[in-house]
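Me: I have a structure open and would like to go through it with you. May I start with a detail and work outwards?
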Amino acid sequence: MTAVCPSVRAHTTDLVTDEDAFAALAPAWGRLYERCATATPFQHHAWLDSWWRSYGGRGRLRVLLVRSGDELVGAAPLMLVRRPLPALVPLGGSISDYGDVLLDDADDGRAADALADALWDAARTALVDFREVRPGGAVERVYDRWRGPRRTVRDSLCLELPAVPLAELAARLPTKRAQRVRAQLRRHESLGVVRHVSRPDEAAGALHRMLELHRLQWQERKVTAEHMLPRFREHLVRAVPELVRSGSAVVTEFRIGDDVLAVDLTLRSRSLAGGYLYGAHPRLRESKADVAVMLLDACSEQAARIGGADGGGTLSLLRGNEPYKMHWRPEQVPNRRLLMARRRTAPLLSATLFGAAARQRGGKALRRWRERPSG
């Protein structure tokens with residue numbers, strides 16, 4: 001079902017609740033995506049539509065659209081959840097590192113106004129809860145126009161590096177560590193490691209191999225359980241070939257002879273590239289290959305193409321501050337959580353803030369406990 005209402009600002013706003021109608025938006029959505037500089041691959045239509053088909057719930061789709069004439073100039077991909085509190089949240093869920101809306105770069109403010117008004121109407125008795133917003137995200141323009149109670153809290157930490165080749169990243173390191181990186185690159189060459197970038201028609205097979213290698217590398221160790229589930233596999237295999245076709249993803253296989261020993265999935269947009277997931281055979285570590293260096297070498301090459309001659313762009317290590325990431329001296333950039341309520345739903349906002357603060361205190365206490373001196 002698609003509900004239509006006129007906008008007083010010469011824009012029209014639609015609320016799409018039918019998954020087939022959402023799927024049909026792919027061409028118009030793709031044009032808007034290309035005109036939104038802050039968009040990440042997690043706002044690409046192929047990613048969102050596939051995610052919905054794997055993770056969505058019947059009757060919960062809420063996609064807000066803003067058009068100027070026949071052209072899409074704003075979009076907010078949302079769904080309604082009822083637990084723990086009724087809320088409108090971005091599509092993409094916990095497997096997406098960034099949440100956001102799309103707004104045309106040429107917008108003079110009218111599309112943002114219309115999207116804020118449409119979101120106000122759609123919220124009704126639900127809280128609007130935007131998780132994992134990268135600083136500078138388009139949804140900040142909607143947040144600035146919100147008429148009711150609103151709050152911003154810190155969300156997950158992301159780590160970022162300049163979008164430059166690995167040689168320049170190594171130059172940022174202490175001398176001995178930089179020497180080890182260069183020695184590892186020579187080691188990979190002596191082992192005969194060869195990269196193969198998958199074509200769109202090869203991507204599905206490479207992803208199956210990546211997930212199998214991911215399972216092997218993490219066997220008998222703690223792993224993100226979601227990555228082992230069929231629905232996650234189905235989502236990637238459905239979404240990524242189209243992302244590869246549009247230039248928003250690169251799937252790279254690392255081969256020695258005829259054997260595929262590692263596969264990396266890097267996502268990229270106009271201003272950002274980031275390694276999303278990889279799988280590596282234990283044999284690589286047994287050969288004393290540094291898998292992290294090997295993967296970052298390939299990912300940084302993709303990021304450098306975004307950065308261009310002026311050195312702009314970002315190589316994102318995405319969420320998490322694992323020790324192997326910190327070795328590269330990245331900038332720590334926390335995502336933000338934008339909460340918006342109507343006056344009738346202000347208690348939901350207060351409850352969410354209380355819960356977020358309690359979890360933050362609990363997380364700090366757990367880290368202190370883990371870091372306590374032995375004995």
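Me: What phi does glycine 192 take, just after α7?
Reply: This is a predicted model. In it, glycine 192 follows directly after α7 and has a positive phi of about 85°.

Me: And α7 itself, how many residues does it have, and how far does it reach?
Reply: Helix α7 covers residues 175–191, which is 17 residues. From its first C-alpha to its last it reaches 24 Å, close to the 24 Å expected at 1.5 Å a residue.

Me: Which residues of α7 are buried?
Reply: They are Ala178, Val181, Gln184 and His188. Viewed down the axis of α7, these buried residues fall within an arc of 110°, so they line one face of the helix.

Me: What does the face turned away from the buried side carry?
Reply: That face of α7 carries the exposed residues Thr175, Lys176, Arg186 and Ser190.

Me: Now α4. How many of its residues are buried?
Reply: Ten would be the word for it: 10 of the 14 residues of α4 are buried, so the helix is largely enclosed by the rest of the structure. Among them are Ala111, Asp113, Leu115, Leu119 and Trp120.

Me: What span should α4 have, and what follows it in the chain?
Reply: At 1.5 Å a residue, its 14 residues should span 20 Å, and the end C-alpha atoms are 20 Å apart, which agrees. Arginine 124 follows α4, and its phi is positive, near 50°.

Me: Turning to the interior, which residues touch the most other members of the largest nonpolar core?
Reply: That core has 84 residues, and Trp29, Leu236, Leu265 and Tyr276 touch the most other members. Helix α4 (residues 110–123) supplies the largest share of this core, nine residues. Apart from it lies another core of 20 residues, among them Leu159, Leu169, Ala170 and Ala273.

Me: What does tyrosine 276 touch?
Reply: Leaving aside residues up to four places away in sequence, tyrosine 276 touches Phe42, Trp47, Ile95, Asp97, Phe232, Leu236, Leu265, Thr266, Leu267 and Leu318.

Me: Is leucine 243 buried or exposed?
Reply: Leucine 243 is buried, with a relative accessible area of 0%. Its place is in helix α9 (residues 230–246). Not counting residues up to four places away in sequence, leucine 243 touches His44, Ala46, Trp47, Ser248, Ala249 and Leu267.

Me: And leucine 161, where is that?
Reply: Leucine 161 is in strand β8 (residues 150–162). At 4% relative accessibility, leucine 161 counts as buried. The residues touched by leucine 161, beyond those up to four places away in sequence, include Leu169, Arg172, Thr314 and Trp328.

Me: Let us change topic to the backbone. Which residues does the cis peptide bond join?
Reply: It joins arginine 83 and proline 84, with omega about 0°. Proline 84 sits in the loop between β4 (71–81) and β5 (87–90).

Me: What about glutamate 132: what is its phi, and is it buried or exposed?
Reply: The phi of glutamate 132 is near 55°, a positive value in a residue other than glycine. Glutamate 132 is found in strand β7 (residues 127–133). At 6% relative accessibility, which is under the 20% limit, glutamate 132 counts as buried.

Me: And lysine 288, buried or exposed?
Reply: Lysine 288 counts as exposed, at 62% relative accessibility. Its phi is also positive, about 65°, although lysine 288 is not a glycine. The residue lies in the loop between α10 (282–286) and α11 (291–307).

Me: To finish, the whole protein. How many helices and strands are there?
Reply: The protein has 13 helices and 14 strands. Its radius of gyration is 22 Å, close to the 21 Å that the globule rule gives for 375 residues, so the protein is as compact as a globular protein of that length. The C-alpha trace spans about 65 × 55 × 40 Å along its principal axes.

Me: What share of the residues is buried, and how much surface is exposed?
Reply: Of the 375 residues, 50% count as buried. The protein exposes about 18,100 Å², and carbon and sulfur atoms supply 50% of that area.

Me: What share of the contacts joins residues at least 24 apart?
Reply: Among contacts between residues at least 6 apart in sequence, 73% join residues at least 24 apart.

Note on methods: Residues numbered from 1 in each chain as written. Predicted model: local features only at pLDDT ≥ 70, side-chain atom pairs only at ≥ 80, totals over all residues. Heavy atoms only, no water. Core = buried A, V, L, I, M, F, W, Y, C linked by side-chain atoms within 4.5 Å. Buried < 20%, exposed > 50% of the residue type's maximum accessible area, 1.4 Å probe, protein only. Helix = DSSP H or I, 4+ residues; strand = E, 2+ residues; numbered from the N terminus. Contact = heavy atoms within 4.5 Å. Expected span 1.5 Å × (residues − 1). Arc of directions from axis to C-beta. Rg over C-alpha atoms; globule rule 2.2 N^0.38 Å. Areas by Shrake-Rupley, 256 points an atom, 1.4 Å probe, with all protein chains shown as cover.
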